[in-house]
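Please open the model in your viewer and keep the selection panel at hand, since this tour moves from one charged side chain to the next.

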Amino acid sequence: MCTSSYTLYNRLPGALRLPHAEPTKWTNGRRGSNKKILDKRKLRIKWQTTRSPQDKAIFNKATHELKLLLNDLKQQAVQSYLKSLTGNDATEYSLWKATKRINRPQTHIPPLRTAAGGWAKSDTQKAHVLAEHFAHVFQPYDSEIPDVEEREILHPQEAPSRLEAPAKKFKITKVRDAIKHMRTKKAPGYDHITGRILKELPEVGLRAITLIFNSVMRTGYFPAQWKVSQIITILKPGKPADEVTSYRPISLLPILSKLSEKLFLTKFQPLLHEQRTISDHQFGFRQKHATIEQVHRVTNAVTEALENHKYFTAAFLDISQAFDKVWHEGLICKLRPLFPASTHKLLRSYLEHRYFQIKYRQAYSPLHPVLPGVSQRSVLGPLLYLMYAADLRTMDDSTTATFADDTVVLTAHENPAIASHRLQLHLREIQLWPKMAYESK
């Protein structure tokens, strides 16, 4: 047996690693196991050198004693943790959860391959490797037009905007109602402020939060502390666990940021409905536009074409890293004619100077800037993406159906060659869409 006490300690369920009772006995036990491990290694080397039966017997005895000692350490950890449990919500009634974690099979966590070809083994090394990977992902695409032309396109966003009446202030009753409907089990951001904390705030705390939200609306400045996202990673199904590209980022934003976005959305939505900014074929992140309704819409188009004895062609498209590659300056340019000056200023402040850090178990990476992209886990992020992609090219003789970044193009005709030709024309329009969007500015 060559398992060290440190390795066994890290294989224990998370709740059992920090016992709350008998710390001296636990520490002394670990020190004793470390000494036993060193002695066992020396005896193994001696036996492998001499091949003496007596040395082998001594080595086997040391191995057996070490195994018993490690089992005792594990039992001490379990007993110490069970003694710390209570019957109230201080430990979230965790006896059942602790039992579930103990019986759960422990999954192997392999090291990550670095860009230089080495291996990241510790949690800190893995956090840094993942952070470097996503820092490369959160980079804008290279521009396909000259810099002079790009500056001319973006110049109108610097022109003065029309004046408008001051936005109405949020009332404390509206803030209280928004907090009341928050989910308390949502994971917090880097500041560790949870929904339960907000729900238990006194009246003076609610007034302070309401004052901050009204100040943000009045000044058009989104606080920098709310623009730091903590990213945890989840392994994609069927992907190799040692590759950084196999992990999907999940952004954890501060609860106050999500609450403010939810309130600001109530100010933006009337303008969007009035101007019909979002296309009718878009069913993602919209009220009364469920996924199943878009499926029914596509199915109805297919059924109608087949009933009329037409040939049917379709292309299913998925934009790679759609939310992570949204061009901030281009999005700001598109938002300018849609919103008044104060709202446009706030949205620009919301997009600029955002940062992220990777959290891997108990290790954290340094902060890295987020140059493009909108957070899919935020409240405003998905809506901003819909506005960014609202001018997706459509054609009269084809059907377009989108759900967020997933797109399907449908064409039908009595002649299969014509149906296929129409589909190719529409796909070409979508391929040239970014450049045509530039030229239309």
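Begin by selecting K35, which is exposed at a relative accessible area of 54% (exposed means over 50%, buried under 20% and partly exposed in between, with a 1.4 Å probe and protein chains only). This is a predicted model, in which local features need pLDDT of at least 70 and side-chain atom pairs count only at pLDDT 80 or more, while totals for chains, interfaces and linings use all residues. Residues are numbered from 1 along each chain as its sequence is written, and side-chain values use heavy atoms, with hydrogens and water left out.

Add D39, partly exposed at 31% relative accessibility, whose salt bridge with K35 has its closest N and O atoms 3.3 Å apart (a side-chain nitrogen of Lys or Arg within 4 Å of a carboxyl oxygen of Asp or Glu). Both residues sit in helix α2 (residues 23–50), 4 residues apart, or about one turn of the helix; helices are DSSP runs of H or I with at least four residues, strands are runs of E with at least two, and both are numbered from the N terminus.

Next, select D55 in helix α3 (residues 53–84). D55 is buried yet lacks a salt bridge, and K46, the nearest side chain of opposite charge, is 4.1 Å away (Lys and Arg count as positive, Asp and Glu as negative, with His and the chain ends not counted).

Finally, select R348 and E352, whose side chains meet in a salt bridge at 2.9 Å, N to O; R348 is partly exposed at 26% relative accessibility, and E352 is partly exposed at 23%.
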